[in-house]
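The exercises below are meant to be worked with the sequence and the coordinates open side by side. Each one sets a task and then goes through a solution step by step.

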Amino acid sequence: MPRVMRLMVFVAVVVAASFAGAGLTWSGGAGAVASATAVQAGITIVPRLAAAAPAAVGKGAYAASSTPLRNNPGGAVVGTVTPGTPLSVTETRGSDAHVSVQGWSSAGSNAIVAAVGQRVVLVSLTAPDQAQRQTGAQTKDTYGTVWTQVTVTGWVAAGALTADVQTVWAHGREVYESHCSTCHSLYAPDQYTANQWPGTLQPMADRAGLSGDDLVLVLKYLQTHAKTQ
Ligand code: HEC
């Protein structure tokens, strides 16, 4: 982008950060651990959920599929968690789980991605001003874009979580194979980088009739198994 615009974006980020002011926190510290333990003490797990046991408090879990993120159990949707995204479970209430996701966001983007400069979307926020976000460190990439470390918290259906991310990728692989090997042999996921896959996949998805949650799943599967350089 032109230099002047880039400067404006940077100023906007700095202003937004100062509005957040003293409340700017990073949730990785001892406080988070202490509160997770407190929550754990008061928890009752209903047997039906215990059987599936994907949402153990204080444990990591993964989104099994594209999953709505809400500010309250059963509340308004503020975003979507993509399949295979790692989450920390901090509380469960009935069939809902309170989770947090850590990642990075570039200035002006509503996507939270896994790493600076990488377009692997963990959460896309559809109502960003309502989402519960905490911001941390900032850095600039080689293009001068400002990236902010973000922790998003919210509620998902406990049944939408899995402890085994390999089941997610196995399903992704199935959908990929069934849609993408009819006209030519299957391209290996590591033939492209994580940042090349979105633009490579989109025109092919149109030809293959791959859309919605299936498209999101296949993209995440390919990006997770992409070549690194
Ligand atoms: C209807 C037939 C058809 C389907 C279905 C199809 N492809 Fe293709 N694909 C093609 C053709 C034809 C080409 C050759 C290049 C072109 O025409 O764009 C191609 C090329 C490609 C390439 C190489 C692109 C490049 O720039 O060299 C990739 C990667 C690819 N396809 C991936 C996929 C994926 C992933 C899917 C499933 C979402 C898919 N294809 C489904 C017809 C198809």
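**Exercise 1. The end of the chain**

In which segment is His225 found, and is His225 buried, partly exposed or exposed?

Solution. Bear in mind from the outset that this is a predicted model. Step one is to place the residue, and His225 lies in the segment after α6. Step two is to count neighbours: His225 has 16 C-beta neighbours inside 10 Å, and because a buried residue needs 20 or more and an exposed one 12 or fewer, His225 counts as partly exposed. Step three is to look for partners away in sequence, and here, leaving aside residues up to four places away, His225 touches Pro189 and Asp190. The C-alpha atom of His225 is also separated by 8.8 Å from that of Thr193, although the two residues are 32 apart along the chain.

Repeat the steps for Thr228, and state where this residue is placed. Thr228 likewise belongs to the segment after α6, but with 6 C-beta neighbours inside 10 Å it counts as exposed. From Thr228 to Asn195 the C-alpha distance is 9.7 Å, across 33 residues of sequence.

**Exercise 2. Two helices and their spans**

Compare the end-to-end distance of helix α5 with the span that its twelve residues should give at 1.5 Å a residue, then do the same for α6.

Solution. Helix α5 covers residues 197-208, and its span should be 16 Å; the C-alpha atoms at its ends are 15 Å apart, which agrees with that value. Just beyond α5 comes Gly209, whose phi is positive, at about 65°. Helix α6, with 13 residues (212-224), reaches 19 Å from its first C-alpha to its last, and this is close to the 18 Å expected.

Which residues of α6 are buried, and what does the cover over them include? The buried residues of α6 are Asp214, Leu217, Val218, Leu219, Lys220, Tyr221, Leu222 and Gln223, and the elements covering them include α4 and α5.

**Exercise 3. The shell around the ligand**

Describe the residues around the ligand by proximity, by helix and by class.

Solution. Start with proximity: the shell has 13 residues, of which Cys180, Cys183, Met204, Arg207 and Ala208 come nearest to the ligand. Next, assign the shell to helices, where α4 (165-180) and α5 each supply at least two residues, and α5 gives the most, with six. Finally, sort by class, which yields eight nonpolar, four polar and one charged residues.

The loop between α4 and α5 deserves a step of its own, with Thr182 placed in it. With 9 C-beta neighbours inside 10 Å, Thr182 counts as exposed, while its C-alpha atom is 8.5 Å from that of Ala208, 26 residues apart in sequence.

**Exercise 4. The largest nonpolar core**

Which members of the largest nonpolar core touch the most other members?

Solution. The core has 43 residues, and those touching the most other members are Leu87, Val101, Ile112, Val123, Val156, Leu161 and Val218. At least three residues of this core come from each of domain 1 (3-162) and domain 2 (165-224). As a general background, nonpolar side chains tend to be buried together in soluble globular proteins.

Now follow one pair within the core. Leu161 is found in strand β10 (residues 161-162), and it is buried, with 25 other C-beta atoms within 10 Å. Its C-alpha atom is separated by 8.8 Å from that of Leu87, 74 residues apart along the chain. Leu87 in turn touches Ala61, Tyr62, Ala63, Val99, Ser100, Val101 and Leu161, when residues up to four places away in sequence are not counted.

**Exercise 5. The chain as a whole**

How many helices and strands does the protein chain have?

Solution. The protein chain has six helices and ten strands, and buried residues make up 29% of its 229 residues. Among its contacts between residues at least 6 apart in sequence, 64% join residues at least 24 apart.

Key: Residues numbered from 1 in each chain as written. Predicted model: local features only at pLDDT ≥ 70, side-chain atom pairs only at ≥ 80, totals over all residues. Helix = DSSP H or I, 4+ residues; strand = E, 2+ residues; numbered from the N terminus. Expected span 1.5 Å × (residues − 1). Near = placed C-beta within 6 Å. Nonpolar A, V, L, I, M, F, W, Y, C, P; charged D, E, K, R; others polar. Core = buried A, V, L, I, M, F, W, Y, C linked by C-beta atoms within 7 Å. Domains from an automatic or database assignment. Contact = placed C-beta atoms within 7 Å.
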